[in-house]
Amino acid sequence: MFAESGRWLTATLAKSTAGKSKMPDRILRDELWLSDRFLDLPTDIARLAFLRFVSLADDFGNFEGGIRRLARILHACTQSKTDEAIAQTLDALMAADLIRCYQAEGRDLIHIPRFRSKRWYFARK
């Protein structure tokens, strides 16, 4: 019974991911864990939010923002449950210059300064 369900799951996953790009891999370098900007964040929630944002960012360190979208993202991985708590977390990240919020073409976006993608790392070698 489990073997049959395992084959079904494998076939379903193969169909659902066929032709779609995979999520990018992210490398967390040692310098992050020793960074004053990261260590001086006021709460662990802010640190966890930043790590979540790094995993969401594209190869240039950008991703879509907006308080409702960020609320959904942070509700899943932190104890930030109110818009006020989320705004405080974003303010802490902006004050530390770990993220920069901006708008383009009517969309709220976030940029992670000093973001280096895996592609940059391999191109350097």
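This is a short dialogue on reading helix packing and aromatic pairs in a predicted model.

Reader: Let's start with helix α5: which of its residues are buried?

Author: First the general idea. An α-helix has 3.6 residues a turn, so residues three or four places apart point the same way. Now the case here: α5 covers residues 67–77, and its buried residues are L70, A71, I73 and L74.

Reader: What do the buried residues of α5 pack against?

Author: They pack against two helices, α4 (44–56) and α6 (83–95), and against the strands β1 (62–64) and β3 (107–111).

Reader: Now to the rings. How many aromatic pairs are there?

Author: The count comes to 3 aromatic pairs. One of them joins W33 and F38, with 5.6 Å centre to centre and 85 degrees between the planes. Planes over 60 degrees apart count as edge-to-face, and that is the label this pair gets.

Reader: Are W33 and F38 buried or exposed?

Author: W33 is partly exposed, at a relative accessible area of 41%, while F38 is buried, at 3%.

Reader: And how do the rings of F38 and F50 sit?

Author: Their centres are 6.1 Å apart and their planes meet at 55 degrees, so this pair is tilted. F38 belongs to helix α3 (residues 36–39) and F50 to helix α4, so the pair ties together parts 12 residues apart in sequence. F50 counts as buried too, with 6% relative accessibility.

Reader: Which residues form one aromatic cluster?

Author: W33, F38 and F50 do. You can trace the cluster through F38, which pairs with W33 and also with F50. Happy exploring!

Note on methods: Residues are numbered from 1 along each chain as its sequence is written. This is a predicted model: local features need pLDDT of at least 70, side-chain atom pairs count only at pLDDT 80 or more; totals for chains, interfaces and linings use all residues. Side-chain values use heavy atoms; hydrogens and water are left out. Buried means under 20% relative accessible area, exposed over 50%, partly exposed in between (1.4 Å probe, protein chains only). Helices (H or I, at least four residues) and strands (E, at least two) are DSSP runs, numbered from the N terminus. Contact means heavy atoms within 4.5 Å. Rings of Phe, Tyr and Trp (its six-membered ring) pair if their centres lie within 6.5 Å; planes under 30 degrees apart count as stacked, over 60 as edge-to-face and the rest as tilted.
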